[in-house]
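Good morning, and thank you for joining this session. Please take a moment with the sequence and the structure before I begin.

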Amino acid sequence: MSPQRLNVKPSLKVQTDTLIDGGHVLGWREWIGLPDLDVPLIKAKVDTGARTSSLHALNPTQVERDGRDFVAFTLPHYRGDGHGRIQCLAPLVERREIRSSNGKAEKRFVVSTHIVVGHHKLKVEVSLANRSIMGFPMLLGRTAMKAGRFLVLPSKSYLAGNPEQS
């Protein structure tokens, strides 16, 4: 008679594979959708060191609509075919001092919008910044990852697949 193992914890590989299959593991870069901004696909760097997510936006301007504060801005080259600019309007959360990777602090507009990562749709805060010299137009920060309960495998890319369009 062979001894039976009771309450055996699955191996780390089995646990990780289960999380990947469930779409809860991200690579160091992922495809993100921004449905509120009419952006089906944008490349994002996953950055556990950044608190707030960031988006490359041109000419952000605070505007008022129906007594509420919004930010109007332009997203360059995200129409899906890589050409044309998109004019966006998103609810203003606040203007917040954010320290960039070079250590400089600047006051940025922070807006509220939905993101889609794989099959997960999350409401997140995104700061608007000039990311033209950065390799990725979007940075996915840890607050957004926490909201989606994601883990990051820094040796992998695009684990979540394309964002699901709803």
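I will go through the overall layout, the core, the aromatic pairs, the largest pocket and a few single residues.

Please keep in mind that what you see is a predicted model. The secondary structure of the protein consists of two helices and 11 strands. Read from the N terminus, the order of the elements is α-β-β-β-β-β-β-β-β-β-β-α-β. Along the principal axes, the C-alpha atoms fill a box of roughly 75 × 35 × 35 Å. The protein has 166 residues, and buried residues account for 39% of them. As for the contacts between residues at least 6 apart in sequence, 56% join residues at least 24 apart.

Let me turn to the core. In soluble globular proteins, nonpolar side chains tend to be buried together. Here, the largest nonpolar core has 31 residues. Which of them touch the most other members? They are I32, L34, L37, L55, F73, L75 and I115. Several elements each supply at least two residues of this core: the strands β2 (29-34), β3 (39-46), β6 (68-75), β7, β8, β9 and β10 (138-140), together with the helix α2 (142-148).

F73, one of those core residues, deserves a closer look. Leaving aside residues up to four places away in sequence, F73 touches L37, L55, A57, L58, N59, P60, I86, Q87, C88, A90 and L128.

L37 also appears among the contacts of another residue, L89. L89 is found in strand β7 and counts as partly exposed, because its relative accessibility is 35%. Again without residues up to four places away in sequence, L89 touches L37, V63, R65, F70, V71 and A72. By contrast, L89 and S155 are 35 Å apart in space, C-alpha to C-alpha, with their positions 66 residues apart in sequence.

I come now to the aromatic rings. A pair of aromatic rings is described by the distance of the centres and the angle of the planes. How many such pairs does the structure hold? There are two aromatic pairs.

One of them is formed by W28 and F136. Their ring centres are 5.7 Å apart and the planes stand at 85°; since an angle over 60 degrees counts as edge-to-face, so does this pair. The two residues come from distant parts of the chain, 108 residues apart: W28 lies in the loop between β1 (25-26) and β2, and F136 in the loop between β9 and β10. Are these two residues buried or exposed? W28 is partly exposed at 30% relative accessibility, whereas F136 is buried, with a relative accessible area of 12%.

The other pair, W31 and Y158, is stacked, with 5.6 Å from centre to centre and 20° between the planes. W31 lies in strand β2 and Y158 in the segment after β11 (151-152), so the pair ties together parts that are 127 residues apart in sequence. Both residues are partly exposed: W31 has a relative accessible area of 25%, and Y158 has one of 26%.

Y158 has a further feature, in its backbone. Its phi is near 55°, a positive value in a residue other than glycine. D66 likewise has a positive phi, of about 50°, although it is not a glycine. D66 lies in the loop between β5 (58-65) and β6, and at 82% relative accessibility it counts as exposed.

Next, the largest pocket. Its volume is about 690 Å³. The lining comprises 28 residues, and those nearest the centre are I98, R99, S100, S101 and R108. Which elements give two or more residues to the lining? They are β7 (86-99), β8 (105-117) and β9 (120-129). The largest share, four residues, comes from β7. By residue type, the lining divides into eight nonpolar, 10 polar and 10 charged residues.

S100, one of the residues nearest the pocket centre, lies in the loop between β7 and β8. With a relative accessible area of 22%, S100 is partly exposed. S100 and F70 are 30 residues apart in sequence, and their C-alpha atoms are 23 Å apart in space.

To close, I return to strand β7: this strand supplies at least two residues of the largest nonpolar core, and it also gives the largest share of the pocket lining. Thank you for your attention.

Technical notes: Residues are numbered from 1 along each chain as its sequence is written. This is a predicted model: local features need pLDDT of at least 70, side-chain atom pairs count only at pLDDT 80 or more; totals for chains, interfaces and linings use all residues. Side-chain values use heavy atoms; hydrogens and water are left out. On a 1 Å grid over the protein atoms alone, a cavity is a set of points where a 1.4 Å probe fits but cannot get out, and a pocket is an open set with protein on both sides within 12 Å along at least five of seven lines; lining residues have an atom within 4 Å of a point. Grid points are joined across faces, edges and corners, and a volume is the space filled by probe spheres set on the points. Ala, Val, Leu, Ile, Met, Phe, Trp, Tyr, Cys and Pro count as nonpolar, Asp, Glu, Lys and Arg as charged, and the others, Gly among them, as polar. A nonpolar core is a set of buried Ala, Val, Leu, Ile, Met, Phe, Trp, Tyr and Cys residues joined through side-chain atoms within 4.5 Å. Buried means under 20% relative accessible area, exposed over 50%, partly exposed in between (1.4 Å probe, protein chains only). Contact means heavy atoms within 4.5 Å. Rings of Phe, Tyr and Trp (its six-membered ring) pair if their centres lie within 6.5 Å; planes under 30 degrees apart count as stacked, over 60 as edge-to-face and the rest as tilted.
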